[in-house]
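Pull up the structure and keep it open while you read. The notes below go through it one region at a time.

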Amino acid sequence: MNEAFKGEVPSSFQGKVGWQSPSNIALVKYWGKKGKQIPQNPSISFTLSECRSETFIGFEKADSFGFRFFFEGKENPAFGAKIEKFLLDYQAFFPFINQLSLNVESRNTFPHSSGIASSASSMSAFVMGLLEIESKLVGPSTGSGTESSQALELVERQIYLQKASYFSRLASGSAARSVFPKMALWGMTETYKGSSDEFAVSLENNIHPIFKTYRDSILIVSSEKKSVSSRAGHGLMEGNPYALARYAQANENIKNLLAALKSGDLGTFINITESEALQLHALMMCSNPSFILMKPNTLNLINEIRVFREETKIPLCFTLDAGPNVHLLYPESETEKVEYYIKNVLADYCDQEHWIADRVGNGPKKLL
Ligand code: PMV
């Protein structure tokens with residue numbers, strides 16, 4: 001891993017980098033944190049494909065740190081302030097930013113009003129761009145093209161992604177998981193060698209092929225902004241009377257889900273995924289103050305999905321984020337039948353029949 005660039009930025013240093021990075025949906029949820037974005041329990045997610053942020057960073061040598069942030073073409077100081085705070089809080093990791101003026105332009109491929117949290121995708125896209133700027137300062141690594149150098153490059157890539165995950169975590173916890181293709185695990189668990197509280201690790205090589213092409217149809221029940229921010233929600237776990245039981249349960253679910261992901265055991269996958277979604281909401285219902293983040297149509301959808309599964313034996317299931325929208329998860333081979341069912345039944349419960357056809361994706365991609 002290259003060290004943080006601490007030297008003098010050349011006066012001619014300028015350019016633009018661009019990265020896209022996806023959102024992710026957790027199966028075992030991260031809810032509760034300590035210290036600097038350290039999770040109270042490990043979490044596992046699918047990396048998505050269609051819901052992503054595209055972020056371009058123009059950079060130029062300057063006498064002091066300069067920063068402007070544009071979201072979908074308009075200057076957005078509120079969101080920019082979050083990134084700026086992250087950079088200033090952690091400038092020891094990026095000392096070179098004090099000699100740069102940054103102009104960030106970002107957009108999301110999903111509608112702003114879809115109720116989908118964008119911090120995982122936008123923060124990880126930003127971090128990928130920032131690391132590329134740093135690489136430009138450090139200079140390219142010199143591979144010799146031999147077999148052993150290819151192996152070395154693979155290892156270097158893994159370390160690079162780990163670094164990206166580490167910084168993404170500092171910017172927004174769940175963003176740590178967005179930098180890896182297919183699936184990621186974030187948080188230390190004895191069940192998985194190499195796992196860490198400080199960065200996520202890829203699960204790509206430890207899952208059954210069925211999960212590598214899984215579908216996630218996001219049923220938009222409400223496009224309203226979340227009534228509780230995730231920062232406040234994590235904070236509420238501190239006084240939650242069920243917190244310790246929850247963390248123990250999450251660890252148990254991680255162990256069992258990892259085994260099910262490896263063997264392709266869809267029954268266990270469905271049980272754990274749905275139970276985790278309901279637990280996340282139950283935790284909010286018994287926090288003080290309490291929150292009910294489901295809407296009547298969230299429950300209607302859950303009931304419909306369970307009846308449909310029972311009747312058809314199609315192994316679909318739901319998960320929820322910290323909001324009312326329902327993520328419908330199912331194997332790719334069932335797409336035609338499930339999409340027919342969404343269009344004819346489930347869409348009626350959605351806000352203006354709005355749903356997003358997403359799927360498991362390959363992680364961040366360079367755009368420039
Ligand atoms: O990364 P944050 O701080 O926005 O927290 C995300 C929390 C959940 O989305 C509810 C669960 C998760 O693991 O992604």
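## A threonine and its contacts

The side chain of Thr55 reaches the side chain of Ser106 in a polar contact of 2.9 Å. Keep in mind that this is a predicted model. Thr55 itself sits in strand β4, which covers residues 43-61.

Is Thr55 buried or exposed? Its relative accessible area is 3%, and the cut-off for buried is under 20%, so Thr55 counts as buried. Setting aside neighbours within four places in sequence, Thr55 is in contact with Val17, Gly18 and Trp19, with Val104, Glu105 and Ser106, and with Ser122, Ala125 and Phe126. If you want a distance to check on screen, try Thr55 to Gly139: they are 84 residues apart along the chain, and their C-alpha atoms are 22 Å apart.

## Helices α2 and α3

Now for α2. This helix has 20 residues and spans 28 Å from first C-alpha to last, close to the expected 28 Å. It's mostly covered, with 16 of the 20 residues buried. Just after α2 comes Gly139, which takes a positive phi of about 100°.

Helix α3 takes in residues 147-171, and its 25 residues reach 36 Å from end to end by C-alpha, close to the 36 Å expected at 1.5 Å a residue. Its buried residues include Ser149, Leu161 and Phe167, and also Lys163 and Arg169. What do the buried residues of α3 pack against? The partners are the helices α1 (77-89) and α2 (119-138), plus the strands β3 (38-39), β8 (183-186) and β9 (200-202).

## The four-stranded sheet

Further along the chain there's an open sheet of four strands, paired antiparallel in the order β11-β12-β10-β13. The edges belong to β11 (317-320) and β13 (355-359); each has a single partner strand, so one side of each has no neighbour in the sheet. From one strand to the next, the twist averages 25°.

Take a look at β10 (residues 215-219) and β12 (residues 326-330): they run antiparallel and are joined by five bridges. One to pick out is Asp216, whose bridge partner in β12 is Leu329.

## Helices on the sheet

Two helices go with this sheet. Helix α6 (residues 266-285) lies across β11 and β12, and runs at about 30° to β11. Helix α7 (residues 296-312) packs on the sheet too, where it touches β10, β11 and β12. The direction of α7 makes about 155° with that of β11.

Methods
Residues numbered from 1 in each chain as written. Predicted model: local features only at pLDDT ≥ 70, side-chain atom pairs only at ≥ 80, totals over all residues. Heavy atoms only, no water. Pairing = 2+ DSSP bridges. Axes fitted to C-alpha atoms, helices over the stretch in contact; angles between N-to-C directions. Contact = heavy atoms within 4.5 Å. Buried < 20%, exposed > 50% of the residue type's maximum accessible area, 1.4 Å probe, protein only. Polar contact = N/O pair within 3.5 Å; in protein donor to acceptor, adjacent residues only side chain to side chain. Expected span 1.5 Å × (residues − 1).
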